[in-house]
Amino acid sequence: MPKLSGSEIIVEYLIKEGVPYVAGLPGHGTLAFMDGLRRRSDRIKTIMVRHEQSAAHLADGYYRVTGKPMACFTTVGPGAVNSLIGVATAFMDSTALVLFTANCPTYMNERGAMQEIERNHWADFPEVIRPIVKRTWNVTRVEQLLEVLPRAFRVATSGRPGPVHIDLPMDVQAEVIEATIPNPKKYRATTEAHASSEDLGDAVELLLSAKRPLILAGGGVLRSRATDELREVAELRGIPVVSTFNGKGVMSEDHPLWCYFIGFMGSKCGNALAPYADVILAVGCRFAEWTASSYKEGVTFNVPPTKIIQIDIDTREIAKNYPVEVGLFGDAKSVLRDLTEALRPHGIPDYTQTAYFKEIQGYKDEWHEVLDEWRAPPTNAFTSAGCLAEMRQILDRDVIVLSDAGHAQDHLWRAFPIYTPHTHVSSGGFSTMGFTVPAAIGCKLAAPHRQVVGFIGDGSFLMTCQELATAVQYNIPVVYVVNNNNGWVSIRDLQSEWYGKDAVFGTEFFREGTQEFANPDFVLLAKSFGVHAERVTCREEVAPAMQRALTTGGPAVIEVVTEREHPYSGLPLTGWADYPTPEYVGKKNEPDELSIP
Ligand SMILES: Cc1ncc(C[n+]2csc(CCOP(=O)(O)OP(=O)(O)O)c2C)c(N)n1
Ligand SMILES: [Mg+2]
């Protein structure tokens, strides 16, 4: 039996799992771990990021494209704590990654070893991370790694995927034992989980009797890689498909049954259909607040009378927010496949001839008109939607696009059609500023031959732009489009919408006492990292700039200086959100008081 250190056991196991990259940032706490990585750098590549948040985002981006987990690591203390926002983002959106954080040697627990969190409980980082991982293990003996490693990968990737955490004391990393590396294949669990035939029968009956059925698809459809199965169910019965934020990509956006998004921001089309649906087939979604227009009856959902069939791999999601007629516990792919088989004898020969289908096209046209206005407004403003329209013209059909938060995220979601699953990569549930720059690096590692383009607000870019150094170090040709509107403008627009124009406060970047913008020169900033960079101020310049950026062969930044004045700073809201507002503002919390077109 070979003699291996704890770190070598981990590295050998990662190699056996087929993990090609480990992302992280070292410290004194990872000296032994790093040495394990160094000794096998021929088989597994270490990507050094500049902030631990980015290590998790990078792994997250990699998973969203490939469906395979990467590993990441931090040192003890601040490094571990820095990773939290990245892990929480992965947890919210159910993406798998395996995080190792160093801890002080077990024999020094509670003495105040360097960077140990120990006042309430020794080596207490696992307590900090517990709410945002599927599972955490605080390994205290090197032998435990042989059991914990396969478990960690199984838990992360099976059922509802999610991040897992292994706490790694420095002595465990360094201690040498005789060990045989476990074979990962012997520790797998299948995710083929089927619903019972009785429940499936009820669902089929309900769908067949529906006059206005609707499919609501969430991110679970993508995690389960069930987009073909979803499309088949939709096509068999001519059922229109809408999605949540995380569901973007479940259906090609040029499919005749695609009806865009629902909820607070949503689309006119989706929000016109959902409240009047008699049966909603909901797959892999949480009915989260923004999807449900803050649960305001009749805005996005009307339950009852709408009846819900809900498919989910996590029973905690079934009937969490709305009671269900049929709750189907199972994997989206297997349950949809079973549903297809059951529905096949009842297929509609040509759904495009139904009255329902024709009605839907009217809603779609209405929504397209709204988007067209925002792309080319009567004011001739250079809008984010206009910029994205130009980008869409020249980017590949299967380009991978990313976003973080704010107007930039919303624009990419609603105004940039995508045609291929897993090509819209965004921090959905957590809407994390700082996601795109590192996550895009993970996406490019996952799909080296595809275009990868991040569309980022200036505020979000400033949170992790240091990762340009990582992209440069490993020459990863990702294009970042920085949507510079000089502020946290989405929040500013909420202030003015809910509290009035005079209430805009603390959301714009002006040098104090002046009207001069306080943002850095993004072109200079990017160039200082050694990346190609240019600034674009009108729609006509977008495509040539993008063309140049794509052909540099390295990372590139395009700053786009877009419209910052309401209403063309953002896209119009089509649903509703419940933002509690003090009485002195006057009543401003009802759907008809907001500027919904
Ligand atoms: C880490 C983090 N902090 C705060 C927020 C709250 N927030 C949501 S959008 C937004 C503004 C984003 O600004 P920017 O990236 O410039 O996009 P814009 O809305 O201006 O297009 C803020 C502060 C968040 N989502 N994430
Ligand atoms: Mg901004």
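**A loop, a buried helix and a ligand shell**

In this predicted model, Tyr295 is found in the loop that runs between strands β12 and β13. The phi angle of Tyr295 is worth a pause: it is near 65°, a positive value in a residue that is not glycine. With 16 other C-beta atoms within 10 Å, Tyr295 counts as partly exposed, because a residue needs 20 or more such neighbours to be buried and 12 or fewer to be exposed.

The loop between β12 (279-283) and β13 (307-312) also holds Pro304, and Pro305 has its place there too. Two cis peptide bonds occur at these prolines. One leads from Val303 to Pro304, with omega near -20°; the other joins Pro304 and Pro305, with omega about 15°.

Glu110 also has a positive phi, near 70°, and is not a glycine. Glu110 sits in the loop between β5 (97-103) and α6 (125-129), and it is partly exposed, with 13 other C-beta atoms within 10 Å.

Helix α16 (residues 406-415) offers another kind of setting. Here 10 of the 10 residues are buried, so the helix is largely enclosed by the rest of the structure. Among these buried residues are His407, Asp410, Trp413 and Arg414.

Attention now turns to ligand 1. Of the 18 residues around it, Gly406, His407, Gly457, Gly459 and Ser490 come nearest. The elements giving two or more residues to this shell are α16, α18 (458-464) and α20 (489-499). By character, the shell around ligand 1 comprises six nonpolar residues, 11 polar ones and one charged.

Definitions and conventions. Residues numbered from 1 in each chain as written. Chains lettered and ligands numbered in written order. Predicted model: local features only at pLDDT ≥ 70, side-chain atom pairs only at ≥ 80, totals over all residues. Helix = DSSP H or I, 4+ residues; strand = E, 2+ residues; numbered from the N terminus. Near = placed C-beta within 6 Å. Nonpolar A, V, L, I, M, F, W, Y, C, P; charged D, E, K, R; others polar.
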